[in-house]
Amino acid sequence: KRKIDNIQVGLETLQNILSLPHLPRVLECFDIAIWQGSSPTASRIVFVDGIPEKSRYRHYHLKELPEGNNDFEMMKEVITRRLTKDNFPDVFIVDGGKGQINIFAKKIKESGLSVPVVGIVKSKVKNNYSDSKVQKSVERILVPSLGVDLPLIENRHLMKILVEMRDEAHRFSRKLHHKQEKKKLFQAD
């Protein structure tokens, strides 16, 4: 019961941040996996009522680009491909930097779809210039439509959902990426 209550509080917080008319029950999170431009992949994971729904997870094999790592073009490819399907979520979540999140949001807006996009990002802070260690990163939610980013530490219930989604999307995209890299390695022999 406590877990369900915590999920409910987290989803209500997201509803309030985005000024949604109803509780966001279905959330999709996207992540891109690439290393030196090779075997780019992406993942889409889905949580319903704060719980993973693995039957709706998807991998994406992305095009290798001549310039190598180009997260912006890869993010465009992922969202363009996603928009060809139905059953859109209540909220899209993007794991990435501000640029990737804004590209994702722009493509959603251009499509005429009115699903909010948020990003989960980390702000890295150094104590001072002589200290090479980076302090603990602060998880933040970036809301392009509002032009704000908010520290998630202020709502641990929402933070738990979004961090779990981000970590799951990261794990799932890396799984296919590593499989692709291993396949290339063994084909080379």
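Starting at the N terminus, the elements of this protein chain run α-β-β-β-β-α-β-α-β-β-β-α. That comes to four helices and eight strands. Keep in mind that you're looking at a predicted model. Here's a tour, topic by topic.

**The chain as a whole**

- The protein chain has 189 residues, and 43% of them count as buried.
- Take the contacts in the chain with a separation of 6 or more: 58% of these come from residues 24 or more positions apart.
- The accessible surface adds up to about 11,000 Å², and carbon and sulfur atoms own 51% of that.

**Helix α3**

- Helix α3 covers residues 98–111, and its 14 residues should span 20 Å at 1.5 Å a residue. The C-alpha atoms at its ends are indeed 20 Å apart, so the model agrees with the expected span.
- Which residues of α3 are buried? They are Q100, I101, I103, F104, A105 and I108.
- Right after α3 comes G112, and its phi is positive, near 85°.

**Aromatic pairs**

- How do you describe two aromatic rings that sit together? You give the distance of the centres and the angle of the planes.
- Searching the whole structure turns up four aromatic pairs.
- One of them is Y57 with F172, an edge-to-face pair with 5.1 Å from centre to centre and 75° between the planes.
- Y57 sits in the loop between β3 (51–52) and β4 (58–61), while F172 belongs to helix α4 (residues 156–188), so this pair ties together parts that lie 115 residues apart in sequence.
- Y57 has a relative accessible area of 6%, so it counts as buried. F172 is buried as well, at 11%.
- Now for F92 and F104: their ring centres are 5.4 Å apart and their planes meet at 65°, so this pair is edge-to-face.
- F92 is in strand β5 (residues 91–95) and F104 is in helix α3, so to speak two distant parts of the chain, 12 residues apart, that the pair links.- Buried or exposed, what are F92 and F104? F92 counts as buried at 0% relative accessibility, and F104 is buried with a relative accessible area of 0%.
- Together with F30, the residues F92 and F104 make up one aromatic cluster.

**Salt bridges**

- How many salt bridges does a search of the whole structure find? There are 11.
- E28 and R82 form a salt bridge through their side chains, with 2.7 Å from N to O. This pair links distant parts of the chain, with E28 in strand β1 (residues 26–35) and R82 in helix α2 (residues 71–82), 54 residues apart. Both E28 and R82 are buried.
- R56 and E53 form another salt bridge, and their closest N and O atoms are 3.8 Å apart. R56 counts as partly exposed at 24% relative accessibility, and E53 is partly exposed at 29%.
- In helix α4, E164 and K160 are four residues apart, so about one helical turn separates them. Their side chains meet in a salt bridge, at 3.6 Å from N to O. With a relative accessibility of 33%, E164 counts as partly exposed.
- E139, R166 and D167 are joined into one network by salt bridges that share partners.

**L152 and its neighbours**

- Where does L152 lie? You'll find L152 in the loop between β8 and α4.
- The relative accessible area of L152 is 2%, so this residue is buried.
- Leaving aside residues up to four places away in sequence, L152 touches I120, E139, R140, I141, L158, M159 and L162.
- L152 and L162 are 10 residues apart along the chain, and their C-alpha atoms are separated by 9.0 Å.

**A nonpolar patch on the surface**

- Which residues form the nonpolar patch on the surface? They are L146, V148 and L150, with about 220 Å² of accessible area together.
- V148 is part of strand β8 (residues 148–151). This residue has 31% relative accessibility, so V148 counts as partly exposed.

Methods: Residues numbered from 1 in each chain as written. Predicted model: local features only at pLDDT ≥ 70, side-chain atom pairs only at ≥ 80, totals over all residues. Heavy atoms only, no water. Patch = residues over 30% accessible without salt bridge, like charges linked within 9 Å, V, L, I, M, F, W, Y side chains within 5 Å. Areas by Shrake-Rupley, 256 points an atom, 1.4 Å probe, with all protein chains shown as cover. Salt bridge = Lys/Arg side-chain N within 4 Å of Asp/Glu carboxyl O. Buried < 20%, exposed > 50% of the residue type's maximum accessible area, 1.4 Å probe, protein only. Expected span 1.5 Å × (residues − 1). Phe/Tyr/Trp six-rings, centres within 6.5 Å; stacked < 30°, edge-to-face > 60°. Contact = heavy atoms within 4.5 Å.
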